[in-house]
Amino acid sequence: MRAKPALSAVNAERFGSASLLVASSGGARVALHDLGGRGPVVLFTHANGFCGQMWQPVAQQLKELARCWALDFRGHGDSIAGPEETYNWANLADDVLTAVGALDPQPRLAVGHSVGAASILAAELACPGTFDRAWLYEPVTVPKTAMPKEGVEALAQIARMRQDRFESRQAAYDRYFSRPPLSLLDPEVLRAYVDSGFRTLSDGTVTMKCAPEVEAAVFENADTSLFSQLGSIRATVTVCGSPDTDPPAQFAAKVAEALPNGGYEHFAELTHFGPLQAPKPIAASITKTLFPAP
């Protein structure tokens, strides 16, 4: 069992009007963004290559039920990687545990997508009892046989080929809006990505905050040990999936079956980008899991 990263008041600092930068393991500093709302604290985690503030349209739907905070994993968004960062997925679990420890009150509820969903499971395995309930969309929690080396290498290569610089945020938005796969995203979610996932350079152009090499490294360090340990997790978890043919979608129902308190929900109209495609139905599903009727 891994210990939660030690925290103290000097490890956290505020930046912007509603964000924190918190010391995590290995010299990383992770950003936490207050997405607003009132009620129990819910921690949101994002997919590889993206950023926490893309959850804002979903959080808006939950504002009367929850206080929503979103994490930027190391190397993503406003977070900072450690000086010798490897992007081992155990470090991403540390970022989740760091976020939990930094918030007051500490979140007992979690929402995650893809790698972010897998990191919530990894955090719960590392520190059992961290979460009471979680809603996870297609966690990358599959057996090694389902993630052959050549498949992982292909994903990493695609990540490295992404255009990472644009003339402006509007130019980035227009490009993504006009072609798949990001044309599938809800326009408000896509706008949040362009606004929060890019930084302006000195010449006025913009570049991704998560460099293609970082996204590729996260793929290359995929943890295939989690699936065999799911039986140890006692939190109540809803796993959601789509008809996609990629492993996270194909194994979503199996992940739910392996969890002692797991359930499965299928979104026939969505893809692996589901939480980024349909904020309202996704928020409704989250509500059923995290705030069940008495």
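The expected span of a helix is taken as 1.5 Å times one less than its number of residues. In this predicted model, helix α4 (residues 149–160) has 12 residues and should on that basis span 16 Å, which agrees with the 17 Å that separates its end C-alpha atoms.

Within α4, the residues Val152, Ala156 and Ala159 are buried, and because the buried residues fall within an arc of 55 degrees when seen down the helix axis, they line one face of α4. An α-helix has 3.6 residues a turn, so residues three or four places apart point the same way. The buried residues of α4 pack against α7 (212–220), whereas the face turned away from the buried side carries Glu150 and Ile158, which are exposed.

A second region centres on strand β7 (residues 133–137), where four of the five residues are buried, so that the strand is largely enclosed by the rest of the structure. Its pairings with two other strands are set out below.

| Strand paired with β7 | Sense | Bridges | Partner residues |
|---|---|---|---|
| β6 (residues 109–113) | parallel | five | valine 111 in β6, tryptophan 135 in β7 |
| β11 (residues 236–241) | parallel | five | threonine 238 in β11, tryptophan 135 in β7 |

Tryptophan 135 is thus the bridge partner of valine 111 on the β6 side, and tryptophan 135 has threonine 238 as its bridge partner in β11. The connection between β6 and β7 involves helix α3 (residues 115–126), and these three elements together make a right-handed β-α-β unit.

Note on methods
Residues numbered from 1 in each chain as written. Predicted model: local features only at pLDDT ≥ 70, side-chain atom pairs only at ≥ 80, totals over all residues. Heavy atoms only, no water. Buried < 20%, exposed > 50% of the residue type's maximum accessible area, 1.4 Å probe, protein only. Helix = DSSP H or I, 4+ residues; strand = E, 2+ residues; numbered from the N terminus. Pairing = 2+ DSSP bridges. Right-handed = clockwise from strand over helix to strand, strands pointing away. Arc of directions from axis to C-beta. Contact = heavy atoms within 4.5 Å.
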